[in-house]
Amino acid sequence: MTVIHQNDLIQSVADALQYISYYHPKDFIQAMEAAYTKEENPAAKDAIAQILINSRMCATGHRPICQDTGIVTVFVHVGMDVRWDADMSLDDMINEGVRRAYQLPDNVLRASVLADPDGKRANTKDNTPAVIHHKLIPGNTVEIHVAAKGGGSEAKSKFAMLNPSDSVVDWVLEQLPKMGAGWCPPGMLGIGIGGTAEKAMELAKESLLDPIDIQALQARGANTRAEELRLELYDKVNRSGVGAQGLGGLTTVLDIKVKDYPTHAANKPVAIIPNCAATRHVHFTLNGSGPAELPAPRLEDWPEITRDVGENVKRVNLDTVTPEEVRAWEPGETLLLNGKLLTGRDAAHKRMVDMLAKGQSLPVNLKGRFIYYVGPVDPVGNEVVGPAGPTTATRMDKFTRTMLERTGLLGMVGKAERGTEAIEAIKDNRAVYLMAVGGAAYLVAQAIKKSRIVGFEDLGMEAIYEFEVEDMPVTVAVDSSGESVHQTGPARWKEIIAEQI
């Protein structure tokens, strides 16, 4: 009988979470490099380049791949011949590992978990509790899969209880446009079919732990219905033209994963959960010999890529930019931002809108300014700020008209598309929306030279900061006339792909 010691489990979970915060899985890097090599859309190719450059920087610098260091999901399979040398419960041991990982001084990870989710939404400060799935299995070891799931991709999860005769493929393709680009493609789609509602969701999440192997499946052919679905959906989703970051292109998914389970004769539960460009997971086994050993990957596993921003790059001084300059910017144009840039996301926007409704003054004057939708990681060492990539912009859509019309805000920076409500507000106010690449947080942070909190300090990572930036790369995603590259880009590339086929 194997004896598993309490601290071995705690330390292994902590080490695993630190490990996946800065190391992408090797199969993901290889798949992204292949996508980069074949990509024909310059904007999408540059987005993939930024993700790969960011990944290599994180692997060498041991800092988070993404500012959203995720909510922890753990699948733990306990052998029935295991005995525990512990005075804590299994869940408490795992959560203590999470606590140690997220509060490690050398690589502080962002605490994003909020208690009382429909009430006070108070930050738990240490990213606990994890979401834990248990299973008892034959054997004398403990197998653990640890993943850190970003909120932007998790928010795009879908579920439906289909009729038995309904097509899973048709339903998935119907959901794809509704998911937008907030899940930071290219990534993976996990699909769970069968069981009950909660089982289908669990299957979809668990499927994302499997390695990327769609090319091997294509080479040998499908043996099961689940494998047939993987092949068909991989082909059809990539034909959609959504592309990297939703800009249009040849690669929308790196792989499709499907797991199924027997279900009731009257039901066909189906779930989709996407994994983003910050795919983070690792597997280890405890056998009683001590904490898990997680070997560092070789730096040679990462391609050496440099960015070519093209000839249409334009440097912008945010301290002197005028509405007339903004109106001259064109969709898809690359800008390098310089000067003072404010930040603010969900909690800050809600508080500002509530204050405006009450006639109260805001802590900072927004007239003629740009606001960046970000919740940065805390800095360590000599850093000005930790990884600081963009958050999903659509969550701010409902605040956009009020912010533009009541404050004189000139522009916004975020990730992914804007909805109709926000685009109309941008058009009516001759403002602009700029897109930074999701999944390149450490790279973006290198452009931030100074940082200070200027409002709502109690909100932690959701406070209003003022960054001073140098050559921060962004793309004009919605121009002052309301044209959106997230609408025109995928539509154009869907046609191009159809013509090529």
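**A guided tour of the predicted model**

Begin by selecting P186, which lies in the loop between α6 (168-179) and β9 (187-194). In this predicted model, the peptide bond that leads from P185 into P186 is cis, with omega near 5 degrees.

Move next to the loop between β5 (122-123) and β6 (131-137), where P129 is found. Here too there is a cis peptide bond, joining T128 and P129, and its omega is about 0 degrees.

A further backbone feature can be seen at D116, in the loop between β4 (114-115) and β5. D116 is not a glycine, yet its phi is positive, at about 55 degrees. As background to these three stops, most residues other than glycine have a negative phi, and most peptide bonds are trans.

Now colour the chain by domain. The domain assignment gives domain 1 as residues 1-150 + 279-307, domain 2 as 152-277 and domain 3 as 314-490. A UniProt annotation from an unreviewed entry, "domain: Fe-S hydro-lyase tartrate dehydratase alpha-type catalytic", covers residues 11-284. Select that span: it is 39% helix and 24% strand, and its end C-alpha atoms lie 12 Å apart.

Next, display domain 2 together with domain 3. Their centres, taken over C-alpha atoms, are separated by 32 Å. In this pairing, 15 residues of domain 2 are in contact with 13 residues of domain 3. The two domains bury about 930 Å² between them, and 57% of that area is on carbon and sulfur atoms. On the domain 2 side, select C184, Q245 and L247: these residues lose the most area to domain 3, together accounting for 45% of what that side buries.

Which kinds of polar interaction cross this interface? Four residue pairs are in polar contact between domain 2 and domain 3, whereas zero salt bridges are found across the interface. By class, the side of domain 2 that touches domain 3 consists of six nonpolar, eight polar and one charged residues.

Salt bridges do occur in the model, where the count comes to 34. For an example, select D46 and R307: they form a salt bridge in which the closest N and O atoms are 2.8 Å apart. D46 sits in helix α3 (residues 42-61) and R307 in the loop between β12 (281-286) and β13 (314-317), so this pair ties together parts that are 261 residues apart in sequence.

How values were computed: Residues are numbered from 1 along each chain as its sequence is written. This is a predicted model: local features need pLDDT of at least 70, side-chain atom pairs count only at pLDDT 80 or more; totals for chains, interfaces and linings use all residues. Side-chain values use heavy atoms; hydrogens and water are left out. Domain bounds come from an automatic or database domain assignment. Contact means heavy atoms within 4.5 Å. Buried area is the accessible area (1.4 Å probe) that two parts lose on being put together, summed over both. A salt bridge is a side-chain nitrogen of Lys or Arg within 4 Å of a carboxyl oxygen of Asp or Glu. A polar contact is a pair of N or O atoms within 3.5 Å; within protein, one must be able to donate a hydrogen and the other to accept it, and residues adjacent in sequence count only if both atoms are side-chain atoms. Ala, Val, Leu, Ile, Met, Phe, Trp, Tyr, Cys and Pro count as nonpolar, Asp, Glu, Lys and Arg as charged, and the others, Gly among them, as polar. UniProt positions are given in the numbering used here, feature names are shortened, and annotations may be inferred rather than shown by experiment. Helices (H or I, at least four residues) and strands (E, at least two) are DSSP runs, numbered from the N terminus.
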